[in-house]
Amino acid sequence: MAEKNVIRALMVQTPSLPGNLGRVASAIGMMGGDIGEIETVQVGPTWTMRNIIVSCDSETHLQEVLETVRNLEGVILHAVSDDVLQAHEGGKIHMTSRLDIHSISDLRRVYTPGVAEVCREIEKDPEKARIYTSIGNSVAIVTDGTAILGLGDIGSVAGMPVMEGKAALFDRFVGISGIPILLNTKDPDEIVRTVKNIASGFGGILLEDIGSPHCFEVEERLKNELDIPVMHDDQHGTAVVTLAAVISACRSAGVDLKDASVGQIGLGAAGLAICRMCMAYGVSDVVGVDLSEDAKARLAQYGGAPVDSLPELMERCDIVIATTGVPGLIKKEWIRKGQVILSLSNPKPEIEPEEALAAGAAYAADGRSVNNVLGFPGIFRGVLNARSTEITPQMLTAAAEAIAACTKPGYLVPNPLNARVHQVVAEAVETVAHS
Ligand SMILES: NC(=O)C1=CN([C@@H]2O[C@H](COP(=O)(O)OP(=O)(O)OC[C@H]3O[C@@H](n4cnc5c(N)ncnc54)[C@H](O)[C@@H]3O)[C@@H](O)[C@H]2O)C=CC1
Ligand SMILES: CC(=O)C(=O)O
Ligand SMILES: [Mg+2]
C-alpha cells in the first residue's frame with residue numbers, strides 16, 4: 001500500500017439509524033481511503049454529525065473519495081478541512097508557569113521583590129542555577145533551516161513546525177523543555193558564536209536540520225567549546241536508531257551484524273554518522289554512495305568504502321540504508337531477496353517499505369518508524385540527569401542497544417509512544433555517564 005499523505009477531516013451528517021456510519025465507512029474504504037479517528041461532534045433529533053479523518057494518496061484520490069461520500073443517499077458532507085494544518089493553528093507549544101499566581105503574596109514570591117533573593121543566591125554560587133531555575137531541564141533546539149527534513153534549504157522559519165514538533169516530543173516523552181532557536185545565518189562562525197552566546201540558558205543543545213557539510217564543523221566546534229552536552233540529532237540521533245533497527249533485523253534473521261555488509265545511500269549528516277556508528281560497532285564492510293565526491297572522501301577518511309553507483313551498492317550489500325531526501329530513488333528491480341531496506345528520508349522514503357517487501361526484502365522500514373524520536377529524548381534525559389557535560393560515543397551505543405533490547409521479536413524498532421523506551425534509553429545513557 002502506498003503512503004497516504006493527503007489527510008483531511010470530513011464533517012459528515014448521517015441519519016441516526018444503525019448502519020449509516022457503516023455505509024459511509026464502507027464507501028470510503030471501497031474507494032481506497034484510509035479512515036483514522038471518528039468523533040461524534042453533534043447529535044440532532046434525527047441525525048448525527050461526525051468528524052471523520054481520512055487519508056488519501058493524492059488530491060485526485062481525495063476528490064474521488066469525497067464524490068462517493070456526497071453521492072450516498074441521506075448523507076451530507078458539510079465540510080472538508082486539512083486536519084494537519086488545523087492542528088498547527090497557533091503553533092504546537094506554549095510556555096507555562098509551574099507556579100500558581102493567585103494572590104499578591106504569590107506575585108511577590110514568583111516575581112519581584114522575592115525573586116531578587118534567588119538572583120543573589122545564584123550570583124554567589126552559579127551552580128545553584130541548576131536548583132532554582134529551569135536551565136538544567138531545558139534544551140535549545142537550534143536550526144539554520146538548511147536541511148529541513150528532506151525538503152532542503154527552506155529557511156529556519158519554515159522549519160519551525162519541525163522544531164516545535166521536536167519540543168513537543170521532548171515534553172511528552174521525557175519532560176524536557178525544548179526551546180526552538182531559529183538562526184538567520186548559515187555561516188559556521190556565526191552559528192557557533194550565536195549558540196555559544198545563548199548556551200548559558202540551557203542544559204543542552206540539540207542541533208537540528210543543519211545541512212552537511214557545515215553541520216560537521218559546527219557540531220565539532222560547539223562540542224569542544226561548550227561545557228554542556230551538544231548533539232546534532234540528524235547525525236547521532238538518527239545513527240542510534242538506525243543501528244538499533246539493524247541490530248534487531250540481524251537478530252531476527254539470525255545473522256551476525258559484524259559479518260554483514262552495510263550499504264549507505266547518501267553520505268550527508270545522517271548517512272555519514274550511520275556509517276561511522278556501524279563501523280564503531282564492529283561492522284567491517286561499510287560501503288557508501290553519494291553524488292558528492294567530497295562526501296565519499298569523508299567516508300573513506302573514516303574507514304568506509306565509497307562505491308560509484310547505486311545499483312553496485314544494492315548488488316553488494318545485505319543491509320541498505322538510504323538518507324538522501326530523494327523520494328523513489330531506489331528501484332524495486334535493484335532489491336535482492338532477503339535484503340534489509342531502511343529508506344529513511346522524510347517526508348517520503350526512497351522506496352515504500354511495502355514495495356521493498358514485495359520485491360523480496362526480508363525487512364523494510366521507512367523514516368516514520370525508524371526515526372530519531374526514539375533516540376534524542378532519552379539521550380538528553382540521560383545526560384541531563386547525570387549532569388554530564390558531553391554525549392560520548394559509548395552513550396550513543398548504549399542508547400542503540402537499549403532501543404534494540406526494547407524491540408519485540410520480528411520488529412525493527414519499538415513503538416515511540418511506549419514511554420518505557422525513552423526511560424530505558426535515558427537509564428542506559430545515565431549509567432554510562434556515571435561509569
Ligand atoms: N528517519 C529519521 O529519523 C531521519 C531521516 N532523515 C532524512 O534523511 C534525509 C537526509 O537528511 P540529512 O542527512 O540531514 O541531509 P544532508 O543534506 O546532510 O544529506 C543528504 C545527502 O544525500 C546526498 N544525495 C542526494 N541525492 C542523492 C542521490 N541521488 N544519490 C546519492 N546521494 C544523494 C547528498 O549529496 C547529501 O550528501 C532527509 O530526507 C531527512 O528527512 C534525517 C535525519 C533523521
Ligand atoms: C526526523 C528528522 O530529524 C528528519 O527527518 O530530519
Ligand atoms: Mg532532522
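Select Val-320 in this predicted model and look across to strand β13, where Ile-341 stands opposite Val-320. Extending the selection to residues 319-322 and 340-343 shows strands β12 and β13 in full, which run parallel and are joined by four bridges.

From this pair, widen the view to the sheet that holds β12 and β13, an open sheet of six strands with parallel pairing, whose order is β11-β10-β9-β12-β13-β14. The edges are taken by β11 (305-306) and β14 (363-366), each of which has a single partner strand, so that one side of each is left without a neighbour in the sheet.

Next, select β10 (285-289) together with β9 (261-265); these two strands pair in the parallel sense over five bridges, and within the pairing Gly-263 stands opposite Val-287 of β10. Following the chain from β9 through α11 to β10 traces a β-α-β crossover that is right-handed. Colouring β10 by burial shows a strand that is mostly covered, with four of its five residues buried.

Keep β10 in view and add helix α11, residues 269-281, which lies across β9, β10 and β12 and runs at about 170° to β10.

Now move from β10 towards the edge strand β11: two bridges join β10 to β11, and the two strands run parallel. Selecting Gly-288 leads to Pro-306, its bridge partner in β11. Between these strands the chain passes from β10 through helix α12, residues 293-301, to β11, and this β-α-β crossover is right-handed.

Then zoom out to the whole protein chain, which has 17 helices and 14 strands. Its radius of gyration is 24 Å, close to the 22 Å that the globule rule gives for 435 residues, so the chain is as compact as a globular protein of that length. Taken along the principal axes, the C-alpha atoms of the protein chain fill a box of roughly 75 × 70 × 40 Å. If the display is coloured by burial, buried residues make up 41% of the 435 residues, and among contacts with a separation of 6 or more, 65% are accounted for by residues 24 or more positions apart.

As a last stop, select the ranges given by the domain assignment, which places domain 1 at 6-88, domain 2 at 99-132 and domain 3 at 133-233. With domain 2 and domain 3 displayed together, their centres, taken over C-alpha atoms, are separated by 28 Å.

How values were computed:
Residues numbered from 1 in each chain as written. Chains lettered and ligands numbered in written order. Predicted model: local features only at pLDDT ≥ 70, side-chain atom pairs only at ≥ 80, totals over all residues. Pairing = 2+ DSSP bridges. Contact = placed C-beta atoms within 7 Å. Axes fitted to C-alpha atoms, helices over the stretch in contact; angles between N-to-C directions. Rg over C-alpha atoms; globule rule 2.2 N^0.38 Å. Buried ≥ 20, exposed ≤ 12 C-beta atoms within 10 Å, placed from the backbone. Domains from an automatic or database assignment. Right-handed = clockwise from strand over helix to strand, strands pointing away.
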